[in-house]
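Q: Got a minute to go through this one with me? I'd like to start with the charged side chains and then move to a sheet.

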Amino acid sequence: MKSISVKEILSTKPEGQEVSINGWVKTFRSNRFIALNDGSTIKNIQCVVDFEAFDEQLLKQINTGAAVKITGLLVESQGRGQSEEIQVKEIFVYGTSDPETYPIQPKKHSMEFLREQAHLRIRTNTFSAIMRVRSALSFAIHQYFQQNGFNYFHAPIVTGSDAEGAGETFRVTTLDAKTPPLNEDGTIDYKEDFFGKETNLTVSGQLEAEAYAMALGKVYTFGPTFRAENSNTTRHLAEFWMVEPEVAFNDLDDNMDLAEDFIKKVIHYVLENCLDDLEFLEKRLLDEEKSKPQTERSEMALIEKLKFVSENTFKRVSYTEAIQILRNCKPNKKKKFKFLIDEWGADLQSEHERFLVEKHFKCPVILFDYPAKIKAFYMRLNEDGKTVRAMDILFPGIGEIVGGSQREERLDILKEKMKALDISEEELWWYLDLRKFGSAKHSGFGLGFERLVLFTTGMSNIRDVIPFPRTPQNAEF
């Protein structure tokens, strides 16, 4: 008999029909009740065993974590907590699980412990729910762009450029680490390297996406990016996924419209398709917050917060206006901020972004027109000569979730900015070519995918929303 999923069984009317199911044992109570889960849903199916009908040695193999196949009759449940159950006729054990050493026992585990068991933590309700939501978000992202005329573009993983200009890149090389070839001045001779030049793992596919947008019109990337930033925080990863649309003939207003619509539609998709998982994660978050002071608890429950974002207009505020608000707010005046706001031009920190979103406007905020000196070279310079057409979207609990801009399409101004920042024209000759041949206004943004998953699941640490986190001093699994 062909096996079906737990999700399918739970949506089937129980009429005594025979069913077969594969899965992992969550619990086996009283040698009678097996709670079975196959990952298709947060819910388990209860399988009722007649102890006398099965060999005792077989039943001893059915422990938490064991992989089994169960065949039986799907009937209405006589117990509480479920509407259907399987009356077991046959049990086949694929693989046993030693109850003495299996780490994922049916009890509460700390997040720290589960990060050490990243290969098995997916078997917990929390992580299976997170990863199903993550999968749904991925699908919704592709669906949104495909339905709106975008072409999916695969940006290179190995690159010779640092799009962010921060220098925090992972080098890619085949040179001998102990005795690399040297130039006369003692520096490493990268002409002898595999690619004939110094290369690194990408921090962004944006620059390459611009090239494709200037021919295909609307493109997006969705792939891994890497940053060698030595930040051991709840918001940073060394390997993470980025979503980066790029659109020809779009200005900053178009870019903000696209980003807002995109985020709303993606979150709406998850609300419609992952409600069981979101309800579980919401309950988990409420239980976790009971131990926190009232002032640190979320003002909205998880699902309410997601609906609020997907159904309301984002507030658009210039950087200049935001600085005025922050300069005059109580936390700044009473020196409660770690980074005080004294003057225009300050680089906003997470505490400032969250104040604007959570305390002042109490809704998602799009900040735009940032000082040129704190933004990347490729952002379009405004007529005032001191700000650029940049925008960031700020979310409650997260801070910045999207960063983007209208790109500088004017060759002379782009070259001036690169010269001022000591960025080699020779290295980015192809990027300058885009301004020589059929240049036009264009815009795009980057969405840190894990930050979106973090927000959508209500988790507090970004290491818990990616399957195998890569962080400083940690590349296990």
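Q: What does Glu408 form a salt bridge with?
A: This is a predicted model. In it, Glu408 forms a salt bridge with Arg410, and the closest N and O atoms are 2.7 Å apart.

Q: Is Glu408 buried or exposed?
A: Glu408 is buried, with a relative accessible area of 0%. Its partner Arg410 is partly exposed, at 21%. The cut-off for buried is under 20%.

Q: How many salt bridges does a search of the whole structure find?
A: The search gives 25 salt bridges.

Q: Which side chain does Glu450 meet in a salt bridge?
A: That of Arg134, with an N to O distance of 2.8 Å. Glu450 is in helix α14 (residues 449-457) and Arg134 is in helix α4 (residues 125-147), so the salt bridge ties together parts that are 316 residues apart in sequence.

Q: And that Glu450, buried or exposed?
A: Glu450 counts as buried because its relative accessibility is 1%. Arg134 counts as buried too, at 9%.

Q: OK, Arg171 next. What does its side chain meet in a salt bridge?
A: The side chain of Glu198, at 3.4 Å from N to O. Arg171 lies in strand β8 (residues 171-172), while Glu198 lies in the loop between β8 and β9 (199-201), so this pair ties together parts 27 residues apart in sequence.

Q: How exposed are those two, Arg171 and Glu198?
A: Arg171 is exposed, with a relative accessible area of 52%. Glu198 is partly exposed, at 40%.

Q: Which residues are linked in a network of salt bridges?
A: Asp257, Glu260, Lys264 and Arg316 are linked that way.

Q: Switching to the sheet. What is the strand order in the open sheet of three strands?
A: The order is β7-β9-β8, and the pairing is antiparallel. β7 (158-159) and β8 stand at the edges with a single partner strand each, so each has one side without a neighbour in the sheet.

Q: What do strands of a sheet pair through, again?
A: Backbone hydrogen bonds, in either a parallel or an antiparallel arrangement.

Q: Over how many bridges do β7 and β9 pair?
A: Two bridges, in the antiparallel sense.

Q: Which residue in β9 is the bridge partner of Thr159?
A: Asn200 is the bridge partner of Thr159.

Q: Back to β8 for a second. Which of its residues was in that salt bridge with the loop?
A: Arg171, which lies in β8 and pairs with Glu198 in the loop between β8 and β9. β8 is also one of the edge strands of the sheet.

Definitions and conventions: Residues are numbered from 1 along each chain as its sequence is written. This is a predicted model: local features need pLDDT of at least 70, side-chain atom pairs count only at pLDDT 80 or more; totals for chains, interfaces and linings use all residues. Side-chain values use heavy atoms; hydrogens and water are left out. A salt bridge is a side-chain nitrogen of Lys or Arg within 4 Å of a carboxyl oxygen of Asp or Glu. Helices (H or I, at least four residues) and strands (E, at least two) are DSSP runs, numbered from the N terminus. Buried means under 20% relative accessible area, exposed over 50%, partly exposed in between (1.4 Å probe, protein chains only). Two strands pair if DSSP finds at least two bridges between them.
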